[in-house]
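Hi everyone, thanks for coming. I'd like to walk you through a structure today, so have a look at the screen while I talk.

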Amino acid sequence: MARMKFLCDSDRCIECNACVTACKNEHEVPWGINRRRVVTINDGKPGERSISMACMHCTDAPCAAVCPVSCFYTTADAIVLHDKDLCIGCGYCFYACPFGAPQYPRVGNFGGRGKMDKCTYCAGGPQQDNSPVEYIQYGSNRIAEGKLPLCAEMCSTKALLAGDGEIIASIYRERVQQRGYGSGAWGWRTAYREELAV
Amino acid sequence: MLIKRNDGQVARQRLASAYQGLSGGGMDRRGFLRQAGLGGAGLAALGTLGAGRARASGAATGVLDHAKPVTRVKNICTHCSVGCTVTAEVQNGVWVGQEPAWESPINRGTHCAKGAAVRELVHGDRRLKYPMKLVAGEWRRIGWDQALDEISAKLLQVRERAGPDSVFWLGSAKFTNEAAYLYRKLAAFWGTNSVDHQARICHSTTVAGVANTWGYGAQTNSYNDIRNARTMIIMGGNPAEAHPVSLQHVLAGKEINRANLIVIDPRFTRTAAHATEYVRLRPGTDIPLIWGMLWHIFQNGWEDRDFIRQRVYGMEEIRKEVARWTPDEVQRVTGVPGEQLKRVAQMFATQKPSTLIWCMGATQKTVGTANVRAYSVLLLATGNVGANGTGANIFRGHTNVQGATDLGLDVTTLPGYYGLDENAWRHWARVWGVEYEYLLSRFGSKALMEMPGIPTTRWFDATLMPGEREKTAADGEAYVAQPHSLKAMMVFGHGGNTVTRIPESIKGLEKLELLVVADPHPTTFSQVSGRRDGTYLLPICTSFEMDGSRTASNRSLQWGAKIVEPIFESRNDYDVLHALTRRLGFADRMFRDIETRDGKVVAESILREMNRGLWSIGYTGQSPERLKLHMEHQDKFDLVTLRGREGTPVAHDYYGLPWPCWGTPEIRHPGSHILYNTNLHVKDGGGTFRARFGVERNGETLLAEGSWSKGSEIEDGYPEFTVAVLKRLGWFDDLTGAEKASLERHFGANIDRAAWSTDLSGGIIRVAMEHGCSPFGNAKARAVAWNLPDPVPVHREPIYTVRPDLVAQYPTLPDRRGFRMPHLGQSVQARSAAAARDFPIVLTSGRLVEYEGGGEETRSNKWLAELQQDMFVEINPADAAARGVRDGGWVWVSGPENASRVRVKALVTERVARGVAFMPFHFGGFFQGEDRRKFYPPGTDPIVLGESVNTVTTYGYDPVTFMQETKVTLCQIRSA
């Protein structure tokens, strides 16, 4: 099976936010929930760089390790998903996640949290693939249709890559060799416990 | 702090009161819609549509039934001019999903934030749902018939009393080509030249300046061709935000060729973040910077002498002006160090091919036309025009601003840049099958028929000033040179907040007797003024809900197919214009050759009529059938050359048949990917510089010397082709009998004067090409444009300048008149010195990636609105510290005219230099601190509102096009 990963080429990301609205569009993500976002460092200064961020679908995902109700599971493609029917909205995963991926709708008073939501790698949830119930809880399931996540597919400069880790790593390596620079696959050591050697 | 561009923080729960259903609260969209169906407040209007309609339009979004078939429909993104293909998935009449359009050679599946969110435009809860009318300050729903009856009656009444020129027809760069053409035609049949659109405020100066240099005012190459460049300068543009998908091609050039990517801009933009070299200049000093580069180029002999000798007129006069711009003087005026400029000049001149990319930083200036001419001269001096990887890559702003410009939504010309003289009118009378005398009878006079109309930057001046029959001695020069001032305004697809001097435009709005806004959204026009009556809103569908072609910035035409039926009660432009002209009494004549089917206008038939008339720019070969074939076979074009692959149905064609696509569709000209490219045969898309300015000046030839396009039988310069020229060359008898008969019929005794651009048979063009010649001649480009106010571009300080010490040496133009109105220059600049004391910060404006234009449409899109919730001003940390301004705090930004001020959030950043502030121009709905949300028709207010930067922008117009000055004015900033 493939080992699905995300890779953001920060030398190409221009913070156009296509990934963010593509995600909203594909899954009808409600206002206030951001499965993906673009983070910019050194904003407005030389060295400004942007990186598109979402759940990285980590190896031995820390969110799963801390979940008190064990709602997380990893698919055969190594995509980290969770079961909203089990989730109790405790927020532990948010503290454990190195990428700030988990999102919670605010329900009721005193900041009461609803069930966690995050990037599904466009792979839906535990229900039957591409069923209406799956769509309502998790959004669409492109993986089941043989498609990749829409955020990466629509990236304006093809900075954000999604797909099998080996393949996207080789695309990135080729790119870096051709152009002569590359600041590396950001987040890979944290998420996948490996560096991308060029 | 919710200004996302600063810290990337997640925006949430800010807009609870404005957007209750969707903000926080844990309710998803469908939950929200379910509740709304039970009588919730947010979508009250939907209830009136009946359950079936509501389901088909707004409610059932995104739920794809995988058991049922899905239709894929291709259309073109309605935002910027890159021309990204949008692939829509439609099921049961509902647009349920967007898929990447991998096959498009332009966007290759990708989008920016706006393109990836366009589906929402066609589900938008905040669209205008039915026609509305303002009655004693209250919005009332009315029917289409009532709206059109009342509007047309009022128009005819105004016409009766004050003449046809008292109505201003404002069109749109978001029109399809067919709608733009119809709208221009409508103004001609109505009898006025006061018909304009957004090109006036984005690239009118480019069109004027570039056309006056080498023939056509359009991007010479293409986005894709930038992949061939070895040096790119982006000057006065921020494509990373304004044209994100273009960066795919720019970065490919940078990466694959290891090209130099130089960004010259007062702001360290998102584009600059990816540059190999960034040059910061003082706003408004583009010409000194270009001349400063040329100083080094001439000094070191880096210019392309062969190119200049063969293909450029007047470079010697440029040298004289350039000699004044020594590195020291350039640094004194622009702030750019000589060493850096020398390095940039050397790269541009010697590491070729080089391209110069520009946008509104160059054009929206009091010296806009002169700026782009200086840019063009730099390209000419270094021989960087007419070949792969070179050229003036002018990125236009809107989806179809190139097309709408080509189709004459402009106060100075009929479709195809024919101008307004009698020959032009007679040409179009022939195409339209009406008598010239009939068209003449529609105008106030022959003089008014041939006089440029009122530009959209000044419509409110033309409303507030009296006409010739209304003025008194006390008015002096402050009058409009037409019988009456403007009394009525028709606005189709144009925001109200993108033009400078809003406090004055509000007064203009209040004085109009009739205001009609025809748009998918009510726009700021609906709420910004104190109007209480005589205002109508007509819901027009987006281009996704209709058929039609659009012309991308690179001159490629793309056919968009209707994705879904117009939602709510909206209608498309064609049908609304048809219904309106029926009531105005000239539909029979105007739609004589345009087909209607089941009462609906057929877009293809409009394009066919355009094909029959637009010889001058080669919009004649792009038949609907050919365009549809290209959309069907998008995957068969090369990414870099845009050429159709051998053995495919589109072999040899360039993608989208970029104009000029000469002759009739039947002769299958491939279009012209790169203009003025002498390396190719003209039948293969090659060409020469256009012989547009005569053949000789002061005894010196204006025709090319020793340069011709490949395969030309005339191996030297030649003038444009007429019947007389054909006869002299002995080529007249190459015309077919049918072609000769057409010429005889239309020109009779004057047949010798029939030209390539007015010959309706296309015979002259065909014969010229058979002999390898460009129909428009083979001339030199002009470095000196003797018909413009500054034949050689010279530096002129901005009208409101922070450097009053430079005004004496570099003054703006004296006060003058233009476009029927006074045009003030030095008298306003004289106030600068005083203004600079109280308003010490340069204010400039520009785009954000999430929004577009006036922003009403994009600020109504919840996926985009969430990303940018606050209007802001960028201020340098030093200026902020001196004023006690805190990042994220509220400030008042005040301007030197009209005691204007806006309340916005401060974004403290080094992106702007000390003494410079930046504001985006997409916001509206607040005015000088007042929230005007309640004045929108209920349910149509955009999610995000904010102050408009143009509340504080000031006077200042380019002398050639009346382009507004939005890039350099003055302001003061204080904590609020």
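I'll go from confidence, to the two chains, to where they touch, and then to two pairs of helices.

First off, please keep in mind that this is a predicted model. For the complex, the predictor reports an ipTM of 0.97 and a pTM of 0.94. Chain B has a mean pLDDT of 93, with 94% of its residues at 70 or more. There's a catch at the start of that chain, though: residues 1–61 of chain B have a pLDDT below 50. That stretch still has 97 contacts in the model beyond near neighbours in sequence. As a general habit, where pLDDT is low, don't read the predicted coordinates in detail.

Okay, chain A. Its secondary structure comes to 7 helices and 6 strands. If you trace chain A from the N terminus, the order of elements is β-α-β-β-α-β-β-α-α-α-β-α-α. How compact is chain A, given its 198 residues? Its radius of gyration is 17 Å, and the globule rule gives 16 Å for that length, so chain A is as compact as a globular protein of 198 residues. Along its principal axes, the C-alpha trace of chain A spans about 50 × 40 × 30 Å.

Now chain B, where we count 35 helices and 34 strands. We can try the same kind of check here: a compact globule of 976 residues would have a radius of gyration near 30 Å, and chain B, at 27 Å, agrees with that. The C-alpha trace of chain B spans about 80 × 70 × 65 Å along its principal axes.

So where do the chains meet? The contact takes 42 residues from chain A and 53 residues from chain B. On the chain B side, helix 1 (4–7), helix 2 (29–37), helix 10 (244–256) and helix 34 (862–865) each supply at least two residues. Which of them gives the largest share? That's helix 10 of chain B, with 7 residues. By class, the side of chain B that touches chain A divides into 21 nonpolar, 18 polar and 14 charged residues.

Let's finish inside chain B with some helix packing. In general, you describe two packed helices by the angle between their axes and the distance between those axes.

Here's the first pair: helix 11 (residues 286–299) and helix 15 (residues 338–350) of chain B. Their axes are 9 Å apart, at an angle of about 70 degrees. Angles from 65 to 115 degrees count as roughly perpendicular, and that is therefore what we call helix 11 and helix 15 of chain B. The crossing is right-handed. Helix 11 of chain B brings B:Gly292, B:Met293, B:His296 and B:Ile297 to the contact, while the residues from helix 15 of chain B include B:Leu341, B:Val344 and B:Phe348. The residues of this contact divide into 7 nonpolar, 3 polar and 1 charged.

The second pair is helix 5 (residues 144–162) and helix 24 (residues 573–584) of chain B, whose axes come within 9 Å and cross at roughly 50 degrees. That makes helix 5 oblique to helix 24 of chain B. This crossing is right-handed. Among the contact residues are B:Leu148, B:Leu155 and B:Leu156 from helix 5 of chain B, and B:Leu580 and B:Arg583 from helix 24 of chain B. By class, that contact has 6 nonpolar, 1 polar and 2 charged residues.

That's it from me, thanks!

Definitions and conventions:
Residues numbered from 1 in each chain as written. Chains lettered and ligands numbered in written order. Predicted model: local features only at pLDDT ≥ 70, side-chain atom pairs only at ≥ 80, totals over all residues. Axes fitted to C-alpha atoms, helices over the stretch in contact; angles between N-to-C directions. Helix = DSSP H or I, 4+ residues; strand = E, 2+ residues; numbered from the N terminus. Parallel < 35°, antiparallel > 145°, perpendicular 65-115°, else oblique. Left-handed = near helix turned anticlockwise from the far one by under 90°. Contact = placed C-beta atoms within 7 Å. Nonpolar A, V, L, I, M, F, W, Y, C, P; charged D, E, K, R; others polar. pLDDT = per-residue confidence, 0-100. Rg over C-alpha atoms; globule rule 2.2 N^0.38 Å.
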